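Please examine the protein shown below, first as a whole chain and then through its charged side chains. The paragraphs that follow offer a guided reading of it.

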Amino acid sequence: MFHYTVETIKTPEQAIAELTNQLKEDQFGILWQFNMKDKLHEKGVELDINYHILEVCNPVEAKRVLTENTLVGYFLPCKLVVYQENETTKIGMPRPSALIGLIEKQ
């Protein structure tokens, strides 16, 4: 499977706040946070779901993987998504092993 997704009863905002704290503990930082619904609304397109994209990075780990294989940079920074679907908040990301598998097939 390409992705890893979990569900929570938290709101997207609560989930993002908790993710932010956990990421800091794991030495990751959020480089960028994008609210897809708001951005599309600015462009005159309505999206019916709350959908957030977070780009995160652990600088030490980024250096390590880039030193091993520069193609890994195609997948950096790492993306996490937080969205609501059928009144359930979902948190997901692509599985790193699936992405690495794409490089190894080259």
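A salt bridge is a side-chain nitrogen of Lys or Arg within 4 Å of a carboxyl oxygen of Asp or Glu. Side chains of opposite charge can pair when their charged atoms come close. In this structure, which is a predicted model, the side chains of lysine 39 and glutamate 42 form such a salt bridge, with N and O 3.0 Å apart. The distance of 3.0 Å between N and O therefore satisfies the limit of 4 Å. Both residues belong to helix α2 (residues 36-42), where they are three residues apart, about one turn of the helix. Lysine 39 is partly exposed, at 30% relative accessibility, whereas glutamate 42 is exposed, at 57%.

Helix α3 (residues 59-68) offers another example. Arginine 64 and glutamate 61 both lie in this helix, three residues apart, about one turn of the helix. Their side chains meet in a salt bridge, at 2.4 Å from N to O. Arginine 64 is partly exposed, with a relative accessible area of 39%, and glutamate 61 also counts as partly exposed, at 34%.

What does a salt bridge between distant parts of the chain look like? Lysine 90 forms a salt bridge with glutamate 7, and the closest N and O atoms are 3.8 Å apart. Here lysine 90 lies in strand β5 (residues 88-94) and glutamate 7 in strand β1 (residues 3-8), 83 residues apart. Is each partner buried or exposed? Lysine 90 is buried, with a relative accessible area of 14%, while glutamate 7 is exposed, with a relative accessible area of 57%. These two residues also belong to a network of salt bridges that links Glu7, Glu85 and Lys90. The structure holds seven salt bridges. As for charge in general, the protein has 11 positive and 15 negative side chains, and the centres of the two sets lie 5 Å apart.

The elements just named may now be placed in the whole chain. The protein contains four helices and five strands, and from the N terminus on they run β-α-β-α-β-α-β-β-α. Along its principal axes, the C-alpha trace spans about 40 × 30 × 25 Å. Among contacts between residues at least 6 apart in sequence, 64% join residues at least 24 apart. Of the 106 residues, 26% count as buried. The accessible surface comes to about 7,600 Å², of which 55% belongs to carbon and sulfur atoms.

The cysteines remain to be considered. How many disulfides does a search of the whole structure find? The search finds zero. Cysteine 57 is in no disulfide, and the nearest cysteine sulfur, that of cysteine 78, is 6.9 Å away. Why is there no bond between the sulfur of cysteine 78 and that of cysteine 57? The reason is distance: the two sulfur atoms are 6.9 Å apart, too far for a bond, because a disulfide requires a pair of cysteine sulfur atoms within 2.5 Å. The surroundings of each residue can be described as well. Cysteine 57 is buried, with a relative accessible area of 18%, whereas cysteine 78 is partly exposed, with a relative accessible area of 32%.

Technical notes: Residues are numbered from 1 along each chain as its sequence is written. This is a predicted model: local features need pLDDT of at least 70, side-chain atom pairs count only at pLDDT 80 or more; totals for chains, interfaces and linings use all residues. Side-chain values use heavy atoms; hydrogens and water are left out. Buried means under 20% relative accessible area, exposed over 50%, partly exposed in between (1.4 Å probe, protein chains only). Helices (H or I, at least four residues) and strands (E, at least two) are DSSP runs, numbered from the N terminus. Contact means heavy atoms within 4.5 Å. Accessible areas come from the Shrake-Rupley method with a 1.4 Å probe; for residues, only the protein chains shown count as cover. Lys and Arg count as positive and Asp and Glu as negative; His and the chain ends are not counted. The place of a charge is taken as NZ of Lys, CZ of Arg, CG of Asp or CD of Glu.
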